[in-house]
Amino acid sequence: MKILVLIKQVPETTDVKIDPETNTLKREGVKSIINPFDMYAIEEAVRIKERSGGGQVIAVSMGPPQAMEALREAISMGCDEAVLLSDKKFAGSDTWATSYTLSQAIRKLGDYSVVLCGKQASDGDTAQVGPGVSTHLDIPQVTYIKKIEQINAESARVERMTEEGYEIIETALPAVMTVVKEINEPRLPSLKGKMRAKKAEIPVWTAEDLLCDEEKIGLDGSPTRVIKVFTPPPRQGGRVLAGEPEAVSKELADLLKDVVISS
Amino acid sequence: MDYLLTEEQQMIKDLCRQIAEEKIKPVAAEYDETAEFAWDIMKILAESDICGIYIPEEYGGMGGGVFELAIATEQLSWGCGGISLGFAATGLGAFPLLLYGNEGQKAEYLPDIAAGRKLASFALTEAEAGSDAGSIKTSAKKDGDHYIINGTKQWITNAGEAEIYTVIAMTNKSKGARGASAFIVEKDTPGLSFGKKENKMGIRSSATREVIFTDCRVPAKNLLGREGLGFIIAMKTFDNSRPGVAAQALGIAQRALDEAVQYTHERRQFGQAISSFQGVQFMLADMGTQLEAARALIYSAARMIDSGARNVAKVSAMCKMYASDVAMKVTTDAVQLLGGYGYMKEYPVEKLMRDAKITQIYEGTNQIQRSVIASSLIKESLGKK
């Protein structure tokens, strides 16, 4: 079974500053790590391989050349191989263009059973890339998985976390699965893994290698336009209406009308 | 300071540091309190390939030596000097095998130690034979293709938890120290039992028990080297293992310094951080300098041993003695710098002081180390004439 894990390199801190000029994250001076949610995806991929007694786990990341470090760490935790998607043409990709680019890489890798991702990245927090990849590939997706009960080359039965509890979902494979932190406890790297990672040759694939439609990648291929990124002001205190229920409800209705009409 | 670690050594150091910070440090106080053996951490060390760093590659290890064992022990002991001992004392138990085991013995036991499937333990000390190791009473009597061992070993680290014991016993009492022999004894051998876990001042999560032999029949093939080599095997083992004790002391001391620097920077009295007072600064400066000197001595000794140099007893004793004395001083000063907080169990430094103490005592008291060093100096001087 070939298992693909999509990982993203993110700044370590959750307290990221935003550049007011470009509306992008300021990364200078912040240590980079693997998106914490992706660590659970890596661990789960390695566990599936260990349980089934064979197979192959390939980590895939799209990012600047320094994302190679994240991929080496994935290998040190037990991934067999890794691929970096890196090209100046990918710069400025939104979640749509990113998931398109990743899906092109997945097609190129081919013959896979599962694509695992963290539920979301700790910097962007969109939770859109996993589902986006499944849509581009036109395969099923199951999000927020907290347990993989059973898996073989053709199908899987998983527990999907919801706000009220969990659903048991059976899906045909290949499928995209995004995982939550309840699914496992990621292992530390091993010494042999670290040595393998150091020596591993990680190919870098460009837009050309991936046969990307140039209109679908990078800033130009991204339908999202970021107009402004800002921290919303703290919520102001509300107003309390007091008096007889009838009078209060009429007053409230008038106020609401004003709000709806004026906006 | 840059100690010119190889890429591999740097990886060992970084990984052990990560384990110490993420896995050991958060649980150290609880293990100190409950005095339970940290099997969950031993499992992590096994899965991370740390257990085999000092074992040759042909037996499933990483092919390192005393130096690799020291850098790993230092980092793990930064997290907890008691928990790290499960690993370090396995090294002590494995050295007799590494140094004197025959091919069959090595092939049988080392792969399990390297993979972390089994811990090892070294049993020499008895109630009436501590520094005077030559006066042990435990006996091993040949009986056909077996030896029958009788006697009681005391304060044995990893006892009851380890699967593999290297035991020093007298095969010929009339010969004194030259009548001692070393044996490998497996945990499930009939006639082998353990005393209660000792209630210790420090390194409390490590297991210390009596190892009791009652007509314990050990196959003759488990004899290490030959009869009469027991005392030499023990001494050579200590030559190799003492840098590990030194590294344990160093890790504990480094943690104490780190805690003290951080605390004195945060603690404000008379309107300023107490680290701005010269009296405090002088203490920190001495602690840091002594610690670095200890590290340099340990690393040099370990590298010298790994190079295959002969007559390493002196440097081995020097680094153990010096680093453990520094650790006792640095941890005591750290408690002083934290003042009343330092004395409280809510803060980590009182534990560091308790943990440091044993490093001046075991694997040869520091008084014995000084005797070893002095007699080496005198011998060297006579040799020159």
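Over the whole structure, a search finds two cavities of 30 Å³ or more, a cavity being a set of points, on a 1 Å grid over the protein atoms alone, where a 1.4 Å probe fits but cannot get out. The model is a predicted one, in which local features need pLDDT of at least 70 and side-chain atom pairs count only at pLDDT 80 or more, whereas totals for chains, interfaces and linings use all residues. Residues are numbered from 1 along each chain as its sequence is written, chains are lettered from A and ligands numbered from 1 in the order in which they are written, and side-chain values use heavy atoms, with hydrogens and water left out.

The largest cavity holds about 90 Å³ of space, where a volume is the space filled by probe spheres set on grid points joined across faces, edges and corners. Its lining, made of residues with an atom within 4 Å of a point, includes B:L69, B:T73, B:L92, B:S241, B:Q248, B:Y362 and B:E363. Two or more residues of this lining come from each of α3 (66-79), α4 and α6 of chain B, helices being DSSP runs (H or I, at least four residues) and strands likewise (E, at least two), numbered from the N terminus.

The second largest pocket encloses about 1,400 Å³; a pocket is an open set of points with protein on both sides within 12 Å along at least five of seven lines. Its lining counts 45 residues, and B:F238, B:R242, B:Y362, B:E363 and B:G364 lie nearest its centre. Elements of chain B giving two or more residues to this pocket are α4 (83-100), β3 (146-157), α6 (230-266), α8 (313-343), α9 (349-357) and α10 (366-384).

The table divides residues by class, with Ala, Val, Leu, Ile, Met, Phe, Trp, Tyr, Cys and Pro as nonpolar, Asp, Glu, Lys and Arg as charged, and the others, Gly among them, as polar.

| Set of residues | Nonpolar | Polar | Charged |
|---|---|---|---|
| Lining of the largest cavity | seven residues | four residues | one residue |
| Lining of the second largest pocket | 21 residues | 13 residues | 11 residues |

In chain B, α6(B) and α8(B) pack with their axes 8 Å apart and at an angle of about 20°, where axes are lines fitted to C-alpha atoms over the stretch in contact and angles run from 0 to 180 degrees between N-to-C directions. That angle makes α6(B) roughly parallel to α8(B), the term for angles under 35 degrees. The crossing of α6(B) and α8(B) is left-handed, that is, the near helix is turned anticlockwise from the far one by less than a right angle.

Helix α6 of chain B also takes part in an aromatic pair, in which rings of Phe, Tyr and Trp (its six-membered ring) have centres within 6.5 Å. The ring centres of B:Y263 and B:Y347 are 6.3 Å apart and their planes stand at 90°, so this pair is edge-to-face, the class for planes over 60 degrees apart. B:Y263 in α6 and B:Y347 in the loop between α8 and α9 are 84 residues apart.

Chain A shows two backbone features. A cis peptide bond, with omega of about 5°, joins A:L173 and A:P174, and A:P174 is found in the loop between β9 (166-172) and β10 (175-179). A:D138, although not a glycine, has a positive phi of about 60°.

Methods: Angles under 35 degrees count as roughly parallel, over 145 as roughly antiparallel, 65 to 115 as roughly perpendicular and the rest as oblique. Rings of Phe, Tyr and Trp (its six-membered ring) pair if their centres lie within 6.5 Å; planes under 30 degrees apart count as stacked, over 60 as edge-to-face and the rest as tilted.
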